[in-house]
Every structure is written in C-alpha cells, then in structure tokens.
Amino acid sequence: MASAPKQKESPTEPFKRALGLAVRAIAGDGEVQVSYAPGKPEIDGKLVQLPEPSRVPSAREVAVIRGWADSLALTAACHDARLHARLAPSAGPARAVFEAVERARVEALGANRMPGMAPI
C-alpha cells in the first residue's frame, strides 16, 4: 500500500505549536485553544487568538507574539471574568483605567509566580 506524500509544513508551524503548548502550560489548563488570525490579540473563555505570524517572522515579531501569548495565558490563569464584569465601570476613562489595572495585576501575579515572566 502506497503512503500519501507528506506535505511540507509552513516554517511558522513549529513556532505556533510551541506557543500553543506554552499558553496551555502558563494558563494551567490543557483545554485552552490557541488560534491565529489577523487583528487584535484577545481571549474569550478558553480560546486565545494571537496574530498570524508572517511566513518568516523577524525576531521582533516573534517577541511581540510571544509577549501577547504570555499575557493572555496569564489572563486565562488569573482573571475572573464574572467578578470583572460585576466590578467594572460601564464605560469611559474609568473603564479604561480599570482594564489597565487588571492587566497590570494579572501580569504582576505572573511575574511573581514565574520569574521568567518578569519584565527585563
């Protein structure tokens, strides 16, 4: 029986697989799914969406995508969406400040729990 010819994978596939594993490990949840698409990085429940890397990403692009992956994984690990929704101001500058403080809180928790997450 002849085997099907193997398709060559994209140069970014190993990077994407590694990011997916890192996100799940940092989040502490093997059910978190990582997808890649153009647009803003975001998290919705157990789905993390990251920017699609270019075919041959630069070191800067890799660092930016990895930073988003780490940040959103920490959000998955440390953020309580129901509590956040209950306490968050409805709109305006107060909402923007609230969101920024929550991002800082989540990233500070991550830096304290995992020294490799701390800013340089």
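This tour moves from the central sheet to the helices that pack on it and closes at a loop residue.

The model is predicted, so local features need pLDDT of at least 70 and side-chain atom pairs count only at pLDDT 80 or more, while totals for chains, interfaces and linings use all residues. Residues are numbered from 1 along each chain as its sequence is written, and side-chain values use heavy atoms, with hydrogens and water left out.

**The sheet**

Begin by selecting β1 (residues 33-37), β2 (42-44) and β3 (47-51). Here strands (E, at least two residues) and helices (H or I, at least four) are DSSP runs, numbered from the N terminus. The 3 strands form an open sheet in the order β1-β3-β2, with mixed pairing. Its edge strands are β1 and β2, each of which pairs on one side only. Neighbouring strands of this sheet are turned by 25 degrees against each other on average, direction ignored. Two strands are said to pair if DSSP finds at least two bridges between them.

Follow the pairing of β1 with β3 next: these strands run in the parallel sense and share 5 bridges. Select Ala37, and Pro51 in β3 will be found opposite.

On the other side, β2 and β3 run antiparallel and are joined by 3 bridges. Ile43 stands opposite Val48 in β3, and Asp44 has Leu47 of β3 as its bridge partner. The hairpin of these two strands has 2 residues between them, and Gly45 takes a positive phi near 65 degrees there.

**Val48, within β3**

How many of the 5 residues of β3 are buried? The number is 4, so β3 is largely enclosed by the rest of the structure. Buried means under 20% relative accessible area, exposed means over 50%, and partly exposed lies in between (1.4 Å probe, protein chains only).

Select Val48, which belongs to strand β3. With a relative accessibility of 0%, Val48 counts as buried. Display its contacts, meaning heavy atoms within 4.5 Å. Not counting residues up to four places away in sequence, Val48 touches Val23, Val32, Gln33, Val34, Ser35, Glu42, Ile43 and Leu72. Val48 and Gln33 are 15 residues apart along the chain, and their C-alpha atoms are separated by 6.1 Å.

**Helices α1 and α2**

Now add α1 (13-27) and α2 (residues 59-78). Angles between axes run from 0 to 180 degrees between N-to-C directions, the axes being lines fitted to C-alpha atoms, for helices over the stretch in contact. Helix α1 lies across β1 and β3, running at about 135 degrees to β1. Helix α2 lies across β2 and β3, at about 165 degrees to β3.

Measure α2 from end to end. Its 20 residues, at 1.5 Å a residue, should span 28 Å, and the end C-alpha atoms are 28 Å apart, which agrees. The expected span is 1.5 Å times one less than the number of residues.

The buried residues of α2, among them Ile65, Ala69, Leu72 and Cys78, pack against α1, β2, β3 and α4 (92-113).

View α1 and α2 together. Their axes come within 8 Å and cross at roughly 30 degrees. That makes the two helices roughly parallel, the term for angles under 35 degrees; over 145 counts as roughly antiparallel, 65 to 115 as roughly perpendicular and the rest as oblique. Residues of α1 including Phe15, Leu19 and Val23 meet residues of α2 including Val62, Ile65 and Ala69.

**Helix α4**

Which helix is roughly perpendicular to α2? Select α4: the axes of α2 and α4 come within 9 Å and cross at roughly 90 degrees. That makes α2 roughly perpendicular to α4. Where they meet, Ser71, Leu72, Leu74, Thr75 and Cys78 in α2 face a set of α4 residues that includes Arg103, Val106 and Gly110.

In α4, Glu102, Val106, Gly110 and Ala111 are buried, and what covers the buried residues of this helix includes α2 and α3 (81-87).

**The loop at Ser54**

Finally, select Ser54, in the loop between β3 and α2. Is Ser54 buried or partly exposed? Ser54 is partly exposed, with a relative accessible area of 33%. Leaving aside neighbours within four places in sequence, Ser54 is in contact with Thr12 and Glu61. From Ser54 to Val34, 20 residues away in sequence, the C-alpha to C-alpha distance is 17 Å.
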